[in-house]
Amino acid sequence: MFCQIVQQMDLLKSTKRWILLLVVVVCALQRPCAGSQRFTDALGRPVVLDGPPARIVSLAPSITEILYYLGLGDRVVGVTTFSNYPAQAALKPKVGSYAHLNVERILELSPDLVIGTKDGNDPNVVGLLEQAGIQVYIVNPRHVQDVAQTLRSIGSVCGISKRGTELAQLLSRRVRRVQQLVAGLPKPVVFLQINLKPIISVGRDAIHNDVIRLAGGINMMQDAPNTYPTVSLEEVLARKPDVIIISCMERGGRFEKAKEAWMQWNSIP
C-alpha cells in the first residue's frame with residue numbers, strides 16, 4: 001500500500017511538471033520574440049515587429065510618397081493602382097486601388113508590414129490581413145502637423161527614426177515659413193475639386209482643408225456636414241470662389257477639360 005501511494009505521488013508530481021512545462025511553452029509562444037518591438041498605430045492598435053521591415057506594402061498613394069520621401073523605396077514591394085509618384089513607384093506590383101484592395105495579391109508579396117489609412121482602406125481587409133498573420137500599421141493624418149507626426153512614426157516603425165524626425169522638423173519649418181508669408185494678406189475663397197463626375201470637394205475634417213487654411217485661403221466647403229461632400233454645379237456658381245483647384249486621380253487630359261468647363265462661367269471671379 002505504501003509503495004502504491006509513493007508511486008501515485010511520483011506520478012502526480014511528474015504530471016504537474018509536464019503541465020507546468022506546457023504552460024511555459026504556450027506563454028513563450030504567445031510572447032513577442034526577444035528583440036521584437038511593439039508599436040501603437042493611429043487607431044491605438046498594437047503592431048509587433050521582429051525588426052525593421054524589409055518588405056513593405058503601401059495601401060495608399062500618399063503612404064507610397066511618404067515611404068519614398070523617407071528613402072524606403074527599395075523596401076516597398078507593393079503599391080496601390082494610382083501610386084505613380086515618384087516615377088519608380090509606378091513600376092512596383094499593384095495590389096488594387098486603396099478603396100478596392102486585392103488581399104490575395106498582398107499575401108502573395110509576403111510583406112513584413114502593410115501600412116494603410118483609416119479613411120481610405122476597408123477595415124474588413126485590414127482584419128483579413130491580420131488573420132493571415134500580417135502586421136498592419138494604420139495612419140490617420142488630419143492636419144499638416146499630423147503628417148509630420150506620420151513621418152516620425154513610420155520612420156520609427158521602419159527603423160530610421162533619425163531620418164523621420166529630421167524630415168518632420170523640415171516640414172514644420174516649411175509650414176511656419178508659409179504662414180509668415182501669407183500673414184496679413186487677403187484670404188481668397190478656395191474650391192477644391194477632388195472628383196470630376198460627380199463633383200466632390202473636401203470638408204473641415206479633411207487634411208486638404210488644413211492645407212488651404214495654412215496657405216492663407218478659406219475652404220469654400222469647410223462647413224459641409226461630411227468630410228467629402230458632393231457639390232452641385234449650381235452651388236459652386238452661386239458661391240463664386242476666388243480660386244478653383246482641380247485634383248483628381250484620373251489621368252488622360254481630363255484635367256484640362258475640367259478647367260475649360262469652369263472657365264466658361266464668367267460669373268466665377
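**Sheet, cores and a few odd backbone spots**

E256 lies in helix α9, which covers residues 254-263. In this predicted model, E256 comes out as partly exposed, because its relative accessible area is 47%. Ten residues away along the chain is I246, and the C-alpha atoms of E256 and I246 are 9.5 Å apart. I246 itself closes strand β11, which runs over 243-246.

Now for the sheet. Four strands make up an open sheet, with the order β4-β3-β7-β8 and parallel pairing. The edges belong to β4 (76-78) and β8 (136-139); each has a single partner strand, so one side of each is left without a neighbour in the sheet. Direction ignored, neighbouring strands here are turned by 35° against each other on average. As background, strands of a sheet pair through backbone hydrogen bonds, in either a parallel or an antiparallel arrangement.

Strand β7, residues 113-117, is a good place to look at the pairing. With β8 it pairs in the parallel sense over four bridges, and V114 has V136 as its bridge partner in β8. With β3 (residues 56-58), β7 pairs over three bridges, again in the parallel sense. There the bridge partner of V57 is V114 of β7. V114 thus turns up in bridges to both strands, with V136 and with V57.

How much of β7 is buried? Five of its five residues are, so β7 is largely enclosed by the rest of the structure. In a regular strand, side chains alternate between the two faces of the sheet. In β7, L113, I115 and T117 point one way while V114 and G116 point the other way, and all of them are buried.

Helix α5 (residues 144-157) packs on this sheet and touches β7 and β8; the direction of α5 makes about 170° with that of β8. Helix α5 also has a helical partner to consider, namely α2 (61-69). Packed helices are usefully described by the angle between their axes and the distance between those axes. For α2 and α5, the axes come within 11 Å and cross at roughly 65°. That angle makes α2 roughly perpendicular to α5, and the crossing is right-handed. On the α2 side the contact is made by I66, L67 and Y69, and on the α5 side by T150, L151 and I154.

Some of these residues come back in the nonpolar cores. The largest nonpolar core has 31 residues, and those with the most contacts inside it are L67, L70, I115 and I154. At least two residues of this core come from each of β2 (46-49), α2, β7, β8, α5 and α6 (161-182). The biggest share is that of α5, which gives six residues. What does L70 touch, leaving out residues up to four places away in sequence? The list is L151, I154, G155, I160, R163, G164 and L167. Apart from this core lies another one, of 15 residues, including V77, V95, V126 and V136.

That leaves some backbone details in the loops. Most residues other than glycine have a negative phi, and most peptide bonds are trans. Against that background, the peptide bond from Y85 to P86 is cis, with omega near -5°. P86 is in the loop between β4 and β5, the latter being 96-97. The bond from K197 to P198 is likewise a cis peptide bond, with omega near -5°. P198 sits in the loop between β9 (189-193) and α7 (207-214).

Positive phi values appear at S110 and K240. For S110, phi is near 50°, which is positive in a residue other than glycine. This serine lies in the loop between α3 (103-108) and β7, and its relative accessibility of 44% means S110 counts as partly exposed. K240 has phi near 50° too, again a positive value in a residue other than glycine. K240 belongs to the loop between α8 (233-239) and β11 (243-246). Its relative accessible area is 41%, so K240 is partly exposed.

Notes: Residues numbered from 1 in each chain as written. Predicted model: local features only at pLDDT ≥ 70, side-chain atom pairs only at ≥ 80, totals over all residues. Heavy atoms only, no water. Pairing = 2+ DSSP bridges. Axes fitted to C-alpha atoms, helices over the stretch in contact; angles between N-to-C directions. Contact = heavy atoms within 4.5 Å. Core = buried A, V, L, I, M, F, W, Y, C linked by side-chain atoms within 4.5 Å. Buried < 20%, exposed > 50% of the residue type's maximum accessible area, 1.4 Å probe, protein only. Parallel < 35°, antiparallel > 145°, perpendicular 65-115°, else oblique. Left-handed = near helix turned anticlockwise from the far one by under 90°.
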